[in-house]
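I opened my notebook for a quick look through this one. Here is what I looked up, entry by entry.

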Amino acid sequence: MRWLWDPLWHRVRRLLAARTEARIDIWYLLHDLLQGGLGLREALGVVMQAKARETVRVRMLRDWQTALASGGDEFAMELSRWVPPSEAMVFYGLGRARAEALFLAAARVAEMRSKQMRAVMNSLFMPSVIFFGCVGMTWFMGYEVIPALLEVSDRSRWDIWSRSLAWVSEGFYANDLEIGVLFLLFLAAFRLAVLRWTGRGRAFADRIPPFSLYRTLSGSGFLFVCVEFLRAGVDLNRDTFLQFERGASPYVRSRMRRVRELMLNEGLGFGAALAASRQGFPDETLVAVAGAMDGRADWEETLAGFVERWVERSEALMRMRAAVLNAVLMGIGTAQMILIMWVSFDISSQVERSY
């Protein structure tokens, strides 16, 4: 069971020690300390003192400090155990770019992802409430309502909708544990498809949520980091991309690899490679601008400015892209709730008429 327990325990530690707001605070603290002239190891020590009462977080920072002694790549690899890949990949630039600039970039990536995730979660909150409300109502009908109605009414006199609801409710109540397990397995399989599916059909799936949401969430961090590297004069070579790919999901890794191949094998610039990959990764608008600007004077700064403005709008953009999924789920959930209420009323009316 150790193979299962270790990842689970590490997820708990990561949740406790490296929550989004905590990470953003640490990134900004380290940025300010480094700008003040401290070395990275010394800055980590100061942050550990500042967080002395937060035991789990201090242990995390101590692990970072230990990894730093082995070099920048080891430090980035250690961070990848605690923070999302989009933030950890920033630190593969240690030794090639100013450390304070990298911590500022990590903070901005974390803030961007936080805005995007908040927009998606807010959009899906009400559909989720309605869905679980319908699940609870269906279970309660199978447990209490339908048996009570059957005591005073003949099922054969019910219409087809009422009989169907009774059949579903009773079946759901009788097999609630099995259905719950199947639902969790479905969610796990769906998550695997989002993270690992890279073959035929994925390009089309990326146009619709939730695949389109994951494409934008995962890809925007990658683009943001690449732009920061270009601004800092860090070469986006084969080694850089291989380091980026270490903590990425198979889907993101395949998108990165395609861009890398176009840059290294065909000599395209980063922006041109993004456009030539025809993947729309991470966002069609960003790809179009990157391709158009590539090769022009100071194009890195121009692209960086556009990306920063896009980041400012990303919360609204993610909310808009989640709107379709929101509407579909709301429609299904509302229709289900209306059907349950209507059929329940109809059965009750039939029972009353039978007296």
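Before starting, I fixed one term: contact means heavy atoms within 4.5 Å. This is a predicted model, where local features need pLDDT of at least 70, side-chain atom pairs count only at pLDDT 80 or more, and totals for chains, interfaces and linings use all residues. Residues are numbered from 1 along each chain as its sequence is written, and side-chain values use heavy atoms, with hydrogens and water left out.

Entry, Arg 255. I found Arg 255 in helix H13 (residues 250-266); helices here are DSSP runs of H or I with at least four residues, numbered from the N terminus. Its relative accessibility is 7%, so I noted Arg 255 as buried (under 20% relative accessible area, with exposed being over 50%, 1.4 Å probe, protein chains only). Setting aside neighbours within four places in sequence, I listed the contacts of Arg 255 as Thr 198, Arg 202, Ala 203, Asp 206, Gln 279 and Phe 281.

Entry, helix H8. Which residues of H8 are buried? I got Ser 162, Leu 165, Ala 166, Ser 169 and Phe 172. They lie on the same side of H8 because they cover an arc of only 140° around the axis, the arc being taken from the directions from the helix axis to the C-beta atoms. On the other side of H8, I saw Ile 160, Trp 167 and Ala 174 exposed.

Entry, cavity lining. I wrote down the residues lining the largest cavity (a set of points on a 1 Å grid over the protein atoms alone where a 1.4 Å probe fits but cannot get out; lining residues have an atom within 4 Å of a point). Among them are Ser 80, Tyr 92, Gln 243 and Arg 246. Helix H6 (85-88) and helix H12 (238-245) each supply at least two lining residues.

Note on methods. On a 1 Å grid over the protein atoms alone, a cavity is a set of points where a 1.4 Å probe fits but cannot get out, and a pocket is an open set with protein on both sides within 12 Å along at least five of seven lines; lining residues have an atom within 4 Å of a point.
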